[in-house]
Amino acid sequence: MQPIYTLPESLQAFQTALAFPDVFRPRAQESHKGTYGTLAIIGGATGMIGAVVLAATAAMYQGCGKVWTGFNQARLPFAIIPERPEIMLATAAQLMERNDVSARVIGCGFGLDGLSEQLLPQILSTHHDQPLLLDADALTLLARSSELAERLKSYRHIVLTPHPAEAARLLDTDTQSVQADRQKAVTEISRKYGATVVLKGHHTLVATADGIVYTNTSGNAGLATAGSGDVLSGIIGSLLAQGIPTFQAACAGVWLHGAAADVIKHSSQIETGMLAGEVAPAARWLRNILSKE
């Protein structure tokens, strides 16, 4: 049964939606699935399949036309996701051969073994004109390699989504230093990698390489749960595939992710034990009510 959602007055949802005009507008009646892009999500190594499934599900809930999951395994772990048959499945190697993708998300449960170390440079050697989001293990591998950092310079639309420990790796420092001055950390990472950077945490920050910083105020401690970051990557990736400009997609995705958690808490009084998988349908509901004419 679909939960009954209600808006907390403190969210100021309709005012916030005005800041993201390309996200919160009604769909054109003369549109089709191709209008809303194709997202490729590569991750899901052995033992971490849930991460890529959560990201892909969130991307579908945010209105992406088509979503491919590319599992970082030699063969598919299953033929179909029974709860979400809309999601198309491939191995990472198979998905890299496709030329019909609009945007890519790399890193959700990607793994850090030798196979992952070989695969990421291959991924970053192609499709430089497409929006690219790097998360989780992909960020750890990026931090280890100056060669990968150099390859990022070929991309025009990059989003990095580190949590504080990953941010510390990207800056070759420690987590305590990142948390002591989060704005400095996010701007330094953005300039270093020429990317839009989402520094996750309480009051998540989004920064551009030219120094613009957005501070998000939505969200609550219910998001401190496994898979929450994967859902965020799926939401932002979906918006990128739909053609939303990079900075707007990152900021709106962060706000939607947090605001969905606020809606859940307000509607059900649940914060402790909130599941990452519950956030995506709430974010879908929120985007739809704010997109009405």
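This is a tour of selected residues and helices in a predicted model.

**The main core**

Start by selecting Ile41 and Trp255. Within the largest nonpolar core, which has 61 residues, these two touch the most other members. To see where the core draws its residues from, colour the elements that give two or more: α1 (13-17), β1 (38-43), α2 (49-61), β2 (66-71), β4 (103-106), α10 (228-241), α11 and α12 (276-290). The biggest contribution is that of α11, with 12 residues. As background, nonpolar side chains tend to be buried together in soluble globular proteins.

Now keep tryptophan 255 on screen and show its surroundings. Leaving aside neighbours within four places in sequence, tryptophan 255 is in contact with Leu11, Ala13, Thr16, Phe20, Phe24, Tyr214, Asn216, Ser218, Leu286 and Leu290. Apart from the core just visited there is another, of 38 residues, and Ala90, Leu141, Leu148 and Leu160 are among them.

**Phenylalanine 20**

Move from Trp255 to phenylalanine 20, in the loop between α1 and β1. Is phenylalanine 20 buried or exposed? Its relative accessibility is 5%, so phenylalanine 20 counts as buried. Not counting residues up to four places away in sequence, phenylalanine 20 touches Tyr214, Gln248, Cys251, Ala252 and Trp255. For a sense of scale, add asparagine 72: from phenylalanine 20 to asparagine 72 is 52 residues in sequence and 34 Å in space, C-alpha to C-alpha.

A further stop in this part of the chain is glutamine 12, in the segment before α1. Glutamine 12 is not a glycine, yet has a positive phi of about 50°. With 49% relative accessibility, glutamine 12 counts as partly exposed.

**α11 against α12**

Select α11 and α12 together. Two packed helices are described by the angle between their axes and the distance between the axes. The axes of α11 and α12 come within 8 Å and cross at roughly 100°, so the two helices are roughly perpendicular to each other. On the α11 side, the contact is made by Trp255, Leu256, His257, Ala259, Ala260, Val263 and Ile264. On the α12 side, show Glu278, Val279, Ala282, Ala283, Trp285, Leu286, Arg287 and Leu290. By class, the contact of α11 with α12 has 12 nonpolar, 1 polar and 2 charged residues.

Stay on α11 (residues 246-268) and pick out histidine 257. Histidine 257 counts as buried, at 7% relative accessibility. Which backbone oxygen lies 3.0 Å from a polar atom of the side chain of histidine 257? That oxygen belongs to serine 228. Beyond four places in sequence, histidine 257 touches Leu223, Ser228, Val231, Leu232, Ile235 and Val279.

**Asparagine 220**

Next, select asparagine 220, in the loop between β9 (213-215) and α10. Asparagine 220 is buried, with a relative accessible area of 16%. Draw two distances from its side chain. One reaches the backbone nitrogen of glycine 222 at 2.8 Å. The other is a polar contact of 3.0 Å with the side chain of aspartate 262. Setting aside neighbours within four places in sequence, asparagine 220 is in contact with Ala261, Asp262, Lys265, Glu271 and Met274.

**α4 and what surrounds it**

Go to α4 (residues 114-123) and α5 (residues 137-144), whose axes come within 11 Å and cross at roughly 80°. The pair is therefore roughly perpendicular. Ser116, Glu117 and Leu120 in α4 meet Ala138, Leu141 and Arg144 in α5. The residues of this contact divide into 3 nonpolar, 1 polar and 2 charged.

Which residues of α4 are buried? They are Ser116, Leu119, Leu120, Pro121 and Ile123. Their cover includes β1, α3 (92-96), β4, α5 and α6 (146-152).

At the N-terminal end of α4, show aspartate 113, which caps the helix. A side-chain oxygen of aspartate 113 lies 3.3 Å from the backbone nitrogen of leucine 115.

Finish with histidine 127, in the loop between α4 and β5 (132-134). Histidine 127 has a phi near 55°, a positive value in a residue other than glycine. Histidine 127 counts as partly exposed, at 22% relative accessibility.

Technical notes. Residues numbered from 1 in each chain as written. Predicted model: local features only at pLDDT ≥ 70, side-chain atom pairs only at ≥ 80, totals over all residues. Heavy atoms only, no water. Helix = DSSP H or I, 4+ residues; strand = E, 2+ residues; numbered from the N terminus. Buried < 20%, exposed > 50% of the residue type's maximum accessible area, 1.4 Å probe, protein only. Polar contact = N/O pair within 3.5 Å; in protein donor to acceptor, adjacent residues only side chain to side chain. Contact = heavy atoms within 4.5 Å. Axes fitted to C-alpha atoms, helices over the stretch in contact; angles between N-to-C directions. Parallel < 35°, antiparallel > 145°, perpendicular 65-115°, else oblique. Nonpolar A, V, L, I, M, F, W, Y, C, P; charged D, E, K, R; others polar. Core = buried A, V, L, I, M, F, W, Y, C linked by side-chain atoms within 4.5 Å.
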